[in-house]
Amino acid sequence: MSKLVFGEWLPDQPALDNPGATIAKNVLPYVQTYGSLNSLSSFTDALTSACVGSITVKVNDGNIYNHAGTATTIESLSAAKAWSDVSKSGGYTGVLNWSWTRFGDRLIACAGNVDPQYYDLGSSSTYLDLPGSPPKASTIATVRNFVVMGDINDGTARPNRIVWSGYNNTELWTPSAATQSDTRDLEGDGGHIQRIVPGQRGVIFQENSIWTMDYSGPPTIFRLSEVEEGRGTPAPQSVCWAGQDIFFLGQDGFYRFTGNRALPIGAEKVDRWFFSENDEYSVRFVRGVVDRRNRMVIWSFRSDVTLAYNDRLLIYNWAADRWSYAEVNTEVISEYLTADVDLDGLSSILTNGIDTDSINVDSAAFRGGRVSMTAFGTDHKMATFSGTALSAQVETAEFGNAEGKTILLQNVRPLVDGSSATVTVQVGTRMNQNENYSYTLAQSVNDLGEMNFREKARYHRVRVNTTGNFNDAFGVDITAQERGRR
């Protein structure tokens, strides 16, 4: 037998010269293998309607707050995992996306068509209009000791404008040398301001440009530098970050911004595949989140503009520099901070008891203090990826004889580590590269742990299907013989 490893998933490469996996669906990418990806397991009640943004924060006393927004409400998650409406009186209308920032113990939320909202953690019972008459804005972030907003509407749409608050004061918005509050228009052809990344140094993403903002003090307050001209993002929520690294979808593919320049991470790997799978009118709905624990970035997107949710995930392991994808329906993907829940706390959450309630008590949502990745499913409930393993497919690269001879493929042994998984194998064959592949029926392993085939063709692929959890999928061992040219 000879071994075929699955290799790196490279859907942008042509079949004959592709050295890696041709399919890597519903799996997580590692350095040499692929691992199981679990389905969503909800652990909260439902929001009143579809989620269009969320935030989780931990304050100094250890309390954790989770807020989520819909088109008409902002809602807060209780210890009993139920959502309650904490909107300002009268609620909201037609919000497409909520953007939050934290300033001390204050949450400030923006949406393009509503006045900025604030909620003081530990004392507020509802959101209220932020004092100081700040303008409406689509995106918001905390940069050093200032709240910064972008894509402004102060009665007139100013998509390339940023404004920032007074120093250490979220309620001062009149430009003043004394308070250091000010306004700046980003010159050039960058287009709408899409996202502002917080930190000691701010990073501003426009549609076609990236700027940095460094505090310089009066009179200029911030020094703005255009560090990437002609490269920005069409998808505001695709921008996500871990430390100094910022990941985003550009106009032509996926990038990693390292502080002063953007490096391509999807070019000649997945970029063309993504744009062929993603509906061109749905790019603005792409959302990204960093899974810090696993050193992965996950972007959700939709394959059909008629959908009201994203139905695909594109997964990037930045430590391994490898990709995979999944078919999972989500409204929003985000980070989540868990609170400690003991058995007494579980009793108040699980109304039917631990053994019979539908909530998974093994969920990461109940492991205190951890930063987890969560998603809102199409049932409007918050969920972790801790359900049953998704049915997965990984397929080898195409292989054939350099002299054009046929190959008789006789036996296949899948190299999948994990006793919980049910594994079947299909063999795909074609005689010429201008033909479509024809696949056999899926076969289960025999008593020797092999599948027996007698497939004769010039070109072959081996597809491994799994149901249930596994640790690692490496590849396959095959037994094959060269035959003639026919």
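**Salt bridges, cores and one small sheet**

I'll start with E228, which is buried, with a relative accessible area of 10%. A word on the source before going further: this is a predicted model. Where does E228 find its charged partner? The side chain of R231 forms a salt bridge with E228, and the closest N and O atoms are 3.3 Å apart. R231 itself counts as partly exposed, at 26% relative accessibility. The pair therefore joins a buried acid, E228 at 10%, to a base that is partly exposed.

Staying with salt bridges, the count for the model comes to 22. I'll go through two further pairs and one network.

The next pair is D214 with R201, which meet in a salt bridge at 3.0 Å, N to O. D214 belongs to strand 20, residues 209-217, while R201 is in the loop between strand 18 (193-197) and strand 19 (202-206), so the contact ties together parts that are 13 residues apart in sequence. As for accessibility, D214 is at 18% and is buried. With the cut-off for buried at under 20%, D214 at 18% falls inside that class. R201, at 31%, is partly exposed.

The third pair is R413 and E450, with closest N and O atoms 2.9 Å apart. How many residues separate the parts that this pair ties together? The answer is 37 residues in sequence, because R413 lies in strand 35 (407-417) and E450 in the loop between strand 38 (443-444) and strand 39 (451-457). R413 is partly exposed at 27% relative accessibility, whereas E450 is buried at 13%.

To close this part, the network: salt bridges link D154, R158, R161 and D185.

Now the nonpolar interior. The largest nonpolar core has 46 residues, and the members that touch the most others are W9, F247, W299, L314, W323 and V412. I'll take F247 as the example. Leaving aside residues up to four places away in sequence, its contacts include V239, C240, I265, V290 and V297. Aromatic residues are also on the contact list of F247, among them Y255, Y316, W299 and W318. The list for F247 is not purely nonpolar, as S238 and R256 are on it too. Apart from this core lies another one of 18 residues, including I55, V57, V95 and A109.

On to a single polar residue, S300. It is found in strand 27, residues 296-301. Is S300 buried or exposed? Buried: its relative accessible area is 0%. What does the side chain of S300 pair with? It makes a polar contact of 2.9 Å with the side chain of N310. With residues up to four places away in sequence left out, S300 touches F285, V286, R287, N310, R312, L313, T330 and I333.

Last item, a sheet. Four strands form an open sheet in the order 6-7-8-9, and the pairing is antiparallel. At the edges are strand 6 (54-58) and strand 9 (83-85), each pairing on one side only. On average, neighbouring strands of the sheet are turned by 25 degrees against each other, with direction ignored. Within the sheet, strand 7 (residues 64-69) and strand 8 (residues 74-77) run antiparallel and are joined by three bridges. Which residue of strand 8 does A68 stand opposite? That residue is E75.

That is the end of my part.

Terms used:
Residues numbered from 1 in each chain as written. Predicted model: local features only at pLDDT ≥ 70, side-chain atom pairs only at ≥ 80, totals over all residues. Heavy atoms only, no water. Pairing = 2+ DSSP bridges. Helix = DSSP H or I, 4+ residues; strand = E, 2+ residues; numbered from the N terminus. Axes fitted to C-alpha atoms, helices over the stretch in contact; angles between N-to-C directions. Core = buried A, V, L, I, M, F, W, Y, C linked by side-chain atoms within 4.5 Å. Buried < 20%, exposed > 50% of the residue type's maximum accessible area, 1.4 Å probe, protein only. Contact = heavy atoms within 4.5 Å. Polar contact = N/O pair within 3.5 Å; in protein donor to acceptor, adjacent residues only side chain to side chain. Salt bridge = Lys/Arg side-chain N within 4 Å of Asp/Glu carboxyl O.
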